Amino acid sequence: YAQPRGLLQYGDVSLHRERYRAVLRALQQNEHAILAYVADTLTPYVPEGFTIDRAVSIYFAGGADGWASSGATAFDLEYFKDDYQRLLNVIVHETYHGAQSAVAAAGSPRARPVTVRDSALAQAATTIFLEGTANYIAPAKQRSLGGGT
């Protein structure tokens, strides 16, 4: 139920507000099951005894399907509508990013890149590692065998 000509998807949200409210109710009613699913999915991939405390924020017209920053996992609901499996994958994916940051912060000091080239290479490797491992656990986007979406 999309409105492609709506400004930042607000037209879609307005036109289908009751459907969005139903999705929000379903998320609220299943909050404990969602939290358990996220915990069960991430447990094999984090150190034993590790805990993470994250707020989950739901946005509209945020510009991305999901993100993790400043202690929060967030997602933009109009990207998912009632595609709960895809939404759960993004919640797990972005929460895992929070776990990655927390584990790294608790670890040993890192070597600092010396040159601009070293810094660029380190940033590229870090991004590939962070996104690659999070996508291994919970693909943010399902891809077909042909490489398309």
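Buried means under 20% relative accessible area, and exposed means over 50%. Both words are used below for a predicted model.

**Helix α2**

Start with helix α2, residues 17–29. At 1.5 Å a residue, its 13 residues should span 18 Å. The end C-alpha atoms are 18 Å apart, which agrees.

Which residues of α2 are buried? They are Tyr 20, Val 23, Ala 26 and Leu 27. Seen down the axis of α2, the buried residues fall within an arc of 120°, so they line one face of the helix. An α-helix has 3.6 residues a turn, so residues three or four places apart point the same way. The face of α2 turned away from the buried side carries Gln 28 and Gln 29, which are exposed.

**Strand β3 and its partners**

Strand β3 covers residues 72–76. Five of its five residues are buried, so β3 is largely enclosed by the rest of the structure. Ala 72, Ala 74 and Asp 76 point one way, while Thr 73 and Phe 75 point the other way. In a regular strand the side chains alternate between the two faces of the sheet.

β3 pairs with two strands, as the table shows.

| Strand paired with β3 | Sense | Bridges | A residue and its partner in β3 |
|---|---|---|---|
| β1 (residues 55–59) | parallel | five bridges | Ile 58 and Phe 75 |
| β2 (residues 66–69) | antiparallel | four bridges | Gly 66 and Phe 75 |

Phe 75 thus appears in both rows: Ile 58 is its bridge partner, and Gly 66 stands opposite it. The hairpin of β2 and β3 has two residues between the strands. In this hairpin, Ser 70 takes a positive phi near 50°.

**Leu 77 and the core**

Leu 77 sits in the loop between β3 and α4 (84–106). Is Leu 77 buried or exposed? Leu 77 has a relative accessible area of 0%, so it is buried. Beyond residues up to four places away in sequence, Leu 77 touches eight residues, including Tyr 20, Val 23 and Leu 27 of α2. Ile 58 and Leu 87 are also among its contacts. Leu 77 and Leu 87 are 10 residues apart in sequence and 8.4 Å apart in space, C-alpha to C-alpha.

The largest nonpolar core has 19 residues. Leu 27, Phe 75, Leu 77 and Leu 87 touch the most other members. α2, α3 (31–42), α4 and α5 (116–137) each supply at least two residues of this core. The largest share, six residues, comes from α4. Leaving aside neighbours within four places in sequence, Leu 27 is in contact with residues including Phe 75, Leu 77 and Leu 87. In soluble globular proteins, nonpolar side chains tend to be buried together.

Definitions and conventions
Residues are numbered from 1 along each chain as its sequence is written. This is a predicted model: local features need pLDDT of at least 70, side-chain atom pairs count only at pLDDT 80 or more; totals for chains, interfaces and linings use all residues. Side-chain values use heavy atoms; hydrogens and water are left out. The expected span of a helix is 1.5 Å times one less than its number of residues. Buried means under 20% relative accessible area, exposed over 50%, partly exposed in between (1.4 Å probe, protein chains only). The arc is that of the directions from the helix axis to the C-beta atoms. Two strands pair if DSSP finds at least two bridges between them. Contact means heavy atoms within 4.5 Å. A nonpolar core is a set of buried Ala, Val, Leu, Ile, Met, Phe, Trp, Tyr and Cys residues joined through side-chain atoms within 4.5 Å.
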